[in-house]
Amino acid sequence: MEQRRLGRSGLRVSELCLGTLTFTRENEEEAHRVLDAFAEAGGTFVDTADVYGNGVAEEVLGRWLKGRRRDGLVIATKVCGRTGPAPNDAGLSRKHVLQAVDASLRRLGTDYIDLYQTHLWDPATPLTETLSTLDTLVRSGKVRYLGAGNLAPAQLQKSLDLADQHGWERYVCLQPLYNLLHRELEWDLLPTSRAEGLGVVPWSPLDGGRLSGRHHHGQADDAAADPRVTAPDRQVLDAVLAVAAAAGRTPAQVALRWLLGRPGVTAPAIGVRHTGQLADNLGALGWELTAGQRRRLDEASARPLPHPYDLLHRSPPIP
């Protein structure tokens with residue numbers, strides 16, 4: 001598996017990231033088999049969160065880490081969601097972040113986290129409080145790098161600017177929703193991330209399985225049976241199925257291959273429930289879509305741009 005730099009940082013991660021939300025739904029033995037197979041394929045990047053099963057996913061991952069070469073892996077987790085009933089058991093306050101990172105370290109059974117990410121935006125906490133606290137975690141050695149997820153463009157830019165202004169550690173990556181059915185981040189978030197040197201680790205690259213072909217088999221009746229499939233979605237799914245047939249690949253492999261080739265994308269975070277699904281996802285590696293296949297997917301998944309992006313994308317450069 002190819003190893004890529006995470007943005008402009010010096011950290012290298014595998015081109016696929018293994019998400020662990022599914023570890024809360026399957027038995028631990030199967031989760032460990034998935035982790036074994038991912039590592040054997042060259043995977044080094046594993047992503048979890050303290051709210052996945054209220055810590056269960058971190059515990060499952062932690063037990064797998066025992067006895068393994070920790071330095072060969074990049075372990076990421078997240079903070080912000082509610083982890084208990086107390087008033088300060090959620091958010092990005094100094095109190096919650098400091099107690100949350102220690103709890104994650106205990107569950108993971110490690111003394112440092114490679115990538116610590118803010119899961120959501122916390123409107124109730126001053127951004128300076130959050131960013132200064134995250135900076136202390138890096139300086140203390142508990143955390144190596146910082147990342148963010150699910151931010152609006154202005155929120156991301158403000159976070160980066162404040163960190164630069166105060167000399168704090170800044171985010172090195174963004175974890176947003178991005179796939180063939182959701183390309184909105186291309187309007188602003190992706191250009192901002194590229195300009196600021198952030199890696200991009202898309203979550204739900206198969207959109208909860210819709211791009212794997214299991215909800216749509218090229219038949220109108222099948223697509224109509226799923227209330228989530230709109231007419232524009234069906235156009236995308238039809239294109240994925242057609243390209244998959246022409247390329248001799250599965251729909252999931254085509255959708256992942258398209259995302260792996262997008263400018264600025266570092267490592268899609270895949271979620272699999274068993275080793276069979278992992279093997280299918282790994283089949284997205286080591287080959288390329290043709291220019292015609294990529295163009296067909298681009299055109300099928302394109303959406304009309306809202307204002308002001310429609311105007312900005314049409315406007316010629318000012319001389």
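**Getting to know helix 9 and its protein**

Author: Let's start with a single helix in this predicted model. The buried residues of helix 9 are Pro251, Ala252, Gln253, Val254, Ala255, Leu256, Arg257, Trp258, Leu259 and Leu260.

Reader: How many residues of helix 9 are buried?
Author: Helix 9 spans residues 251-260 and is mostly covered. A residue counts as buried when its relative accessible area is under 20%. In helix 9, the number of buried residues is ten of ten.

Reader: Which elements cover the buried residues of helix 9?
Author: The cover includes one strand from the start of the numbering, strand 1 (3-5). It also includes strand 10 (269-270), along with helix 8 (231-247), helix 10 (275-282) and helix 11 (291-301).

Reader: What share of the residues in the protein is buried?
Author: Helix 9 is one of twelve helices, and the protein has ten strands too. Among the 319 residues of the protein, the buried share is 53%.

Reader: What share of the contacts joins residues 24 or more positions apart?
Author: Here we consider contacts with a separation of 6 or more. Of these, the share from residues 24 or more positions apart is 75%.

Reader: Why does the radius of gyration agree with a compact globule?
Author: The C-alpha atoms fill a box of roughly 60 × 55 × 35 Å along the principal axes. For 319 residues, a compact globule would have a radius of gyration near 20 Å. The two agree because the protein's own value is 20 Å.

Note on methods. Residues are numbered from 1 along each chain as its sequence is written. This is a predicted model: local features need pLDDT of at least 70, side-chain atom pairs count only at pLDDT 80 or more; totals for chains, interfaces and linings use all residues. Side-chain values use heavy atoms; hydrogens and water are left out. Helices (H or I, at least four residues) and strands (E, at least two) are DSSP runs, numbered from the N terminus. The radius of gyration is taken over C-alpha atoms; the globule rule is 2.2 Å times the number of residues to the power 0.38. Buried means under 20% relative accessible area, exposed over 50%, partly exposed in between (1.4 Å probe, protein chains only). Contact means heavy atoms within 4.5 Å.
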